[in-house]
Number of protein chains: 2
Amino acid sequence: MMTETMQALRDLQKKLYAFQFALNVIDFDAQTVAPSESYSGRGEALEVLSSIKYSLIADPALPALLEKARGEERTEQEAAEVAELQRMYDETSKIPAQEYAAFVKLTTAAVNAWEKAKAASDFSLFAPYLEQIVAYRRRTAAYFDANKAPYDVWLDQYEKGLSMAQCDAFFDQLKAVIQPLVKEIGQRGAKIPCDFLKGTWPIEAQKMLSAAVMKLMGIDERHCVLSESEHPFTTEFYKGDVRITTHYHEDDMASNLYSVIHEGGHALYELHMADRLQYTCLSGGASMGLHESQSRLCENYLGRSLGFIKSLWPTLTELFPTQLAGVTPEAFYKAVNQCQPSLIRTEADEVTYCLHVMVRYELEKRLMDGSLAVKDLPAAWNAQMKELLGVDVPDDAHGVLQDIHWACGDLGYFPSYALGTAYGAQMMASMRKDLDVDALLEAGNWAPITGWLEERIWQYGKEKTPAQLLKNACGGEFDPKFYTDYLVEKYFAIYEL
Amino acid sequence: MMTETMQALRDLQKKLYAFQFALNVIDFDAQTVAPSESYSGRGEALEVLSSIKYSLIADPALPALLEKARGEERTEQEAAEVAELQRMYDETSKIPAQEYAAFVKLTTAAVNAWEKAKAASDFSLFAPYLEQIVAYRRRTAAYFDANKAPYDVWLDQYEKGLSMAQCDAFFDQLKAVIQPLVKEIGQRGAKIPCDFLKGTWPIEAQKMLSAAVMKLMGIDERHCVLSESEHPFTTEFYKGDVRITTHYHEDDMASNLYSVIHEGGHALYELHMADRLQYTCLSGGASMGLHESQSRLCENYLGRSLGFIKSLWPTLTELFPTQLAGVTPEAFYKAVNQCQPSLIRTEADEVTYCLHVMVRYELEKRLMDGSLAVKDLPAAWNAQMKELLGVDVPDDAHGVLQDIHWACGDLGYFPSYALGTAYGAQMMASMRKDLDVDALLEAGNWAPITGWLEERIWQYGKEKTPAQLLKNACGGEFDPKFYTDYLVEKYFAIYEL
Ligand SMILES: [Zn+2]
Ligand SMILES: [Zn+2]
């Protein structure tokens, strides 16, 4: 029997669930279907709903209730719920309600402005919003820890325990391997024929490919559907209703293909939470980094493997007979793994991907410590891209305006993409001890792979910390070397170094 | 300056707006995009959100606040807000919170069951839900007026002042004209060639037609987009974001065409509320009947006119050159106005349409007075269809399961379709005194027509009662004779009687 205290906390969690459900549906709709000039009324509604949600979790009576619950007998899950609610209370109650609501409204308007700015490739349309967002993030960090640098506060919010010191060390370790590897490939690597990836890939056939890939991954269409949006994303309404999006470009089939696999990885994670976590605060990915570890594991370690491409080959050649005439799975594998410093993070190859993250990390650091003004951001972006990737940015749409994250108010989120990528490599190394992953992929048999991940990670939601989950899956602490080793091995083979 | 009391009431209205926004987005998403097995978590969320919305309007402190506001100086609009909030309080506070929340959950599950039942053409899958819905409606009617027949209670809720006595008189008046007219057409009417309407109408071209029609109607795509759903509908999130849906059938282009015009009529009404009503309880159509008057006015009195078809002819023949080869606008006009007793209400012609409504009205009466059990409904449906329309119903999908309304809990809504149709005819008669409607339609010039409606009806939202609006537009009381006269005149001409 559940105690009365715990029952009250469950009621609260159900309410929080309902508000989050509404906020997520509204956001999903805004990004996929909503008419272009509809943000003002949506912003008003979001402000009210977010305020009420805020007051539910920042309720001054909550700490006493949580204290009482800690004094009672609880199951392990109940203890985890109490701990998570305490964390949410601590995190939320520190920001005054009005400031929080105004920020929600600001980001709604900012996303709208960002869309227009990106379409017009005109940073000035977005700059006033970003200025307010940066100011808010710099100011409100002090509510959490006035002695910490603001950026350290936000890094820690996105990935518990993360700091600039850790990021610096992590990125230095990556840079030390990646930059020489990129140079090596450029100077001595075998040439990889990729021309066939250009050309025309009819959207209708691409849509059929998306459906086939989702089926192959074992994504249950009764609980997960694919929509379209400018920037692919995943959102979970609850474990029985997860949405993923993609975008279609007639001149680029790989973009959709790997977006679907990436977002499909996020979706699989959400679809496999244990039922017992449903409607509690423990449902959902353990952290941003953990979530990205699953999506990038699916996208890269599974989706960009030769075995997977072989299993998909009959579908690919049936849907694109002329485009793939004379192409072998091996040639396709090399082409979609081509290493080529480029402009867009989400289209980047595995080797250069983390360099894109580092560009954002460096700029966020400077925005947050005040040494970089928003108005100078495009120039700083272009300089960073030149320095780290050696590319010239032709315009803001292909530069500083490419990602939605800053418009959403997320400053400190990007490092989790690199962290997650490295987590995933370590998990794969562990999985390979238990399963013949390559053979399973080639046979189109994802079930043992997803079963392995479900058992060790997905089912737990936020019940375990990212560190516990990593240990659960890998039997050890986080070590980025698994990732750099993987890159070196894979790319030495591809480029015959 | 607004009084403090009124400011408090504005805050409440803003909150109610935000909850309604969320509920509408969730419902729209459910009907257009949501995966098939996603209703359980949605039901849980809707139950919580509806409960909170309920407690906002059924707040025991509200009557005193409203009383205070009535004692203060107010603008005309403020007075209308106070009156509408009082009406909402009276209506809502009568149903106990738990019963209300359970009903919301029930109807979410019922819509899901109805979809499956309709797809399988198996009424038994839906019957258990409908039984609970009927029981709820019969039971809770007593909360409003224990001395009134339950069905009278609900008729009055959907259209203020409406009763079975009035409906009986109204429908008798229609029947006295329509049934002889249908007979006359069947026995003596000229044959109308309609075969060309069958055949194949590519969906992509139909989509382009939808866009062209919305443009012609003056629907601003920055604030209104078209989606797809099983059953076309309109939902307004606020005046800056209105959604309409349609369905596409390759073998039937008229179904989509007239769905878009019908829902477009609803949308125009919502898009033209006065700005000052935004975020107040006065935004939205004055009544179900008034809303239907606008949609059916657009669909039939404008959309099924020869002038409109002439203006659309270049688009139609460009999109469907082979399908319409050798067809004249006049022939098309006659074909889409063919009078033919049939199975599906939403596809019915103007003459027989109200007979479909009468079938539902008769059955609802009996369900609500207990003389008809849900299990006997399919047989009773089929018998009514035979009696009123002379058609044999082949299966439940084309019979009792065709409409979503009962699954949504709406019993007493259908008569408003017939009422609205008659309201619209009266408005058209009045509009024709001011405007050369036929010439405007033929010129594709909708602006004076929509301007006329905006000025007299749309801008006011719920600020005026339906009777006031009708008077505003027509200068007199409601009189169904405008409608029956219109039918007789139009159909005598079409069938050369
Ligand atoms: Zn991702
Ligand atoms: Zn309608």
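**Exercise 1. How many salt bridges does the rule find across the interface of chain B and chain A?**

Before we start: this is a predicted model, where local features need pLDDT of at least 70 and side-chain atom pairs count only at pLDDT 80 or more, while totals for chains, interfaces and linings use all residues. Residues are numbered from 1 along each chain as its sequence is written, chains are lettered from A and ligands numbered from 1 in the order in which they are written, and side-chain values use heavy atoms, with hydrogens and water left out.

*Step 1.* Get the rule straight: a salt bridge is a side-chain nitrogen of Lys or Arg within 4 Å of a carboxyl oxygen of Asp or Glu.

*Step 2.* Apply that rule between chain B and chain A, and four salt bridges turn up.

*Step 3.* Take one of them: Asp29(B) pairs with Arg243(A), and their closest N and O atoms are 2.6 Å apart.

**Exercise 2. Work out how the two copies are related, and through which surface they meet.**

*Step 1.* Superpose the copies by least squares on the C-alpha atoms of residues with pLDDT of at least 70 in both. A turn of 180° with a shift of 0.0 Å along the axis lays chain B on chain A, with an RMSD of 0.0 Å.

*Step 2.* The copies are therefore related as by a two-fold rotation axis.

*Step 3.* Look for the residue of chain B that comes closest to this axis: that's Ala22(B), with its C-alpha at 2.9 Å.

*Step 4.* Now count contacts (heavy atoms within 4.5 Å). Chain B puts in 38 residues and chain A puts in 38 residues. Since 100% of the interface residues of chain B are also interface residues in chain A, the copies meet through the same surface.

**Exercise 3. Describe how domain 1 and domain 2 of chain A fit together.**

*Step 1.* Find the bounds, which come from an automatic or database domain assignment: domain 1 covers 4-147 and domain 2 covers 164-494. Their centres, taken over C-alpha atoms, lie 26 Å apart.

*Step 2.* Check the contact: 34 residues of domain 1 of chain A touch 41 residues of domain 2 of chain A.

*Step 3.* Add the buried area, meaning the accessible area (1.4 Å probe) that two parts lose on being put together, summed over both. Here it's about 3,400 Å², with 69% from carbon and sulfur atoms. On the domain 1 side, Phe28(A), Trp114(A) and Phe123(A) lose the most area to domain 2, together 20% of what that side buries.

*Step 4.* Finish with charges: the rule finds one salt bridge between these domains.
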